[in-house]
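This note is addressed to a colleague who is new to the structure. The points below are numbered so that each can be checked in turn.

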Amino acid sequence: MATISGQLKDSQIKGKPRDLMDLIFDVAPTDTPFLTMCGKSSASQTLHEWQTDTLADPGENSALEGAEVTTFQASNTTELSNKTQILTKAINVSGTAQAVDQAGVGKQYNYQLARRMKELKKDLEYALLQNKLERTDNGTSQGRLMRGLPTWFQTNYSVGAGSGKAAIPGSAPCVAGTARVPDEDTLKGVLTKIYESGGDPDRIMMAPAIRVKMSEVLNGGATRMENVDKKKATAVIDVYVSDFGTLKLMPNRVQAKEAYSKTCAFILDPQYWKVAYLRGFKEERLAHTGDNMKGHIVVECTLEARNDASSGMIADLAVSAG
């Protein structure tokens with residue numbers, strides 16, 4: 001093609017503004033299902049304590065007519081506790097960074113603050129799900145640590161062969177056993193234990209991969225036509241109707257990041273799990289030490305397991321047998 005003499009082309013133009021959209025696209029997940037489920041409680045000390053109780057098992061009860069009362073019954077509560085854990089995220093923005101314009105960002109400090117808040121909530125979700133016992137602040141390199149969800153189950157749980165779950169549950173973190181594929185019989189077995197203990201769970205929380213496998217198992221391993229007229233096929237189970245009630249199957253992305261919890265299906269009754277806050281989420285500005293803006297977000301809280309017998313855990317799950 002012949003070159004047209006004197007024609008101005010795009011590549012020759014100087015001073016063009018950038019075609020940069022005034023939006024920032026982020027696909028990183030921010031949901032925290034367990035934290036949201038728990039709701040709030042209050043703590044007043046770094047060692048947060050509470051009490052549980054239970055009723056005696058039923059038995060034959062037949063008294064003699066006119067008999068004197070000589071036998072009495074009483075029960076004692078059990079005291080439980082957990083350490084509060086401090087979680088923080090800090091922000092440090094130079095004066096220049098705060099002053100300059102950036103597409104998709106109003107002021108850098110506020111933008112960074114919003115991002116760190118979302119990250120902090122995910123860190124808290126992870127802390128609640130961690131397979132660790134409570135830890136005391138050693139004053140040097142380790143802060144206080146709360147006891148996480150997997151270690152609380154003393155009554156209703158199923159683990160793989162060779163599991164290192166402590167003989168006295170709660171005396172040590174759980175240790176993985178042989179991996180096994182989820183199956184309905186195991187689920188029914190734990191649900192039966194929970195019901196016999198007095199629990200009334202309404203959800204099963206799992207890492208995404210286990211959620212997919214559980215759906216396949218409960219669906220009979222096949223993709224079925226939901227409605228032939230609508231030409232809609234489904235391999236998904238959102239709600240499991242058990243002999244003891246209906247349970248919602250919930251995926252948890254953060255759970256997939258914790259080495260032990262990612263193998264677990266937690267069967268939960270929300271009213272018995274709370275996050276007890278000594279200090280709620282709060283932003284604090286830090287002192288100026290130069291041409292900058294500094295601050296941090298802090299929260300201090302712990303997991304309050306009001307009665308683990310209300311819920312249950314199936315551990316050592318995998319998409320294929322180990």
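1. Two strands are taken to pair if DSSP finds at least two bridges between them. By that criterion strand β6 (residues 203-206) pairs with strand β11 (residues 265-268): four bridges join these antiparallel strands. Within this pairing, methionine 206 stands opposite alanine 265 of β11. The model under discussion is a predicted one.

2. As to overall composition, the chain contains five helices and 14 strands. Of its 322 residues, 38% are buried. Its accessible surface comes to about 19200 Å², and carbon and sulfur atoms account for 50% of that area. Among contacts between residues at least 6 apart in sequence, 74% join residues at least 24 apart.

3. Strands β6 and β11 belong to an open sheet of six strands, ordered β5-β14-β11-β6-β10-β9, with mixed pairing. Its edge strands, β5 (157-158) and β9 (239-242), each pair on one side only. Helix α4 (residues 184-197) packs on this sheet and touches β5, β6, β9, β10 (245-251), β11 and β14 (312-314); the direction of α4 makes about 165° with that of β14. Helix α5 (residues 208-218) also packs on the sheet, in contact with β6, β9, β10 and β11, and its direction makes about 140° with that of β10.

4. Threonine 192 is a residue of helix α4. Is this residue buried, partly exposed or exposed? Threonine 192 counts as partly exposed because its relative accessibility is 28%, and the partly exposed class lies between 20% and 50%. Threonine 192 is 52 residues from phenylalanine 244 in sequence, yet their C-alpha atoms are 7.7 Å apart in space.

5. A separate pairing involves strand β2 (residues 47-52), which runs antiparallel to strand β3 (residues 78-83) and is joined to β3 by six bridges. Glutamine 51 has glutamate 79 of β3 as its bridge partner. The side chains of β2 alternate: His48, Trp50 and Thr52 point to one face and are buried, whereas Leu47, Glu49 and Gln51 point to the other face and are not buried.

6. The largest nonpolar core comprises 37 residues, and those with the most contacts inside this core are Phe34, Leu149, Phe266, Trp273 and Leu303. Two or more residues come from each of α1 (33-38), β4 (85-94), α3 (108-129), β11, β12 (273-286) and β13 (292-305). Helix α3 gives the largest share, seven residues. Beyond its sequence neighbours up to four places away, leucine 149 touches Phe34, Leu128, Leu129, Gln130, Met205, Phe266, Trp273 and Leu303. A second, separate core has 16 residues, including Leu187, Leu218, Leu249 and Ala265.

7. The count of salt bridges is 11. One of them joins aspartate 123 to lysine 89, with the closest N and O atoms 3.7 Å apart. This pair links helix α3 with strand β4 across 34 residues of sequence. Salt bridges with shared partners join Lys89, Arg116, Glu119 and Asp123 into one network.

8. Which parts of the chain does the salt bridge between arginine 144 and glutamate 300 tie together? Arginine 144 lies in the loop between α3 and β5 and glutamate 300 in strand β13, so the pair ties together parts 156 residues apart in sequence. The N to O distance is 2.4 Å, and both arginine 144 and glutamate 300 are buried.

9. Glutamate 216 and lysine 213 form a salt bridge in which the closest N and O atoms are 3.2 Å apart. Because they are three residues apart in helix α5, about one helical turn separates them. Glutamate 216 is partly exposed at 35% relative accessibility, whereas lysine 213, at 16%, counts as buried.

Technical notes:
Residues are numbered from 1 along each chain as its sequence is written. This is a predicted model: local features need pLDDT of at least 70, side-chain atom pairs count only at pLDDT 80 or more; totals for chains, interfaces and linings use all residues. Side-chain values use heavy atoms; hydrogens and water are left out. Buried means under 20% relative accessible area, exposed over 50%, partly exposed in between (1.4 Å probe, protein chains only). Contact means heavy atoms within 4.5 Å. Axes are lines fitted to C-alpha atoms, for helices over the stretch in contact, and angles run from 0 to 180 degrees between N-to-C directions. Accessible areas come from the Shrake-Rupley method with a 1.4 Å probe; for residues, only the protein chains shown count as cover. A nonpolar core is a set of buried Ala, Val, Leu, Ile, Met, Phe, Trp, Tyr and Cys residues joined through side-chain atoms within 4.5 Å. A salt bridge is a side-chain nitrogen of Lys or Arg within 4 Å of a carboxyl oxygen of Asp or Glu.
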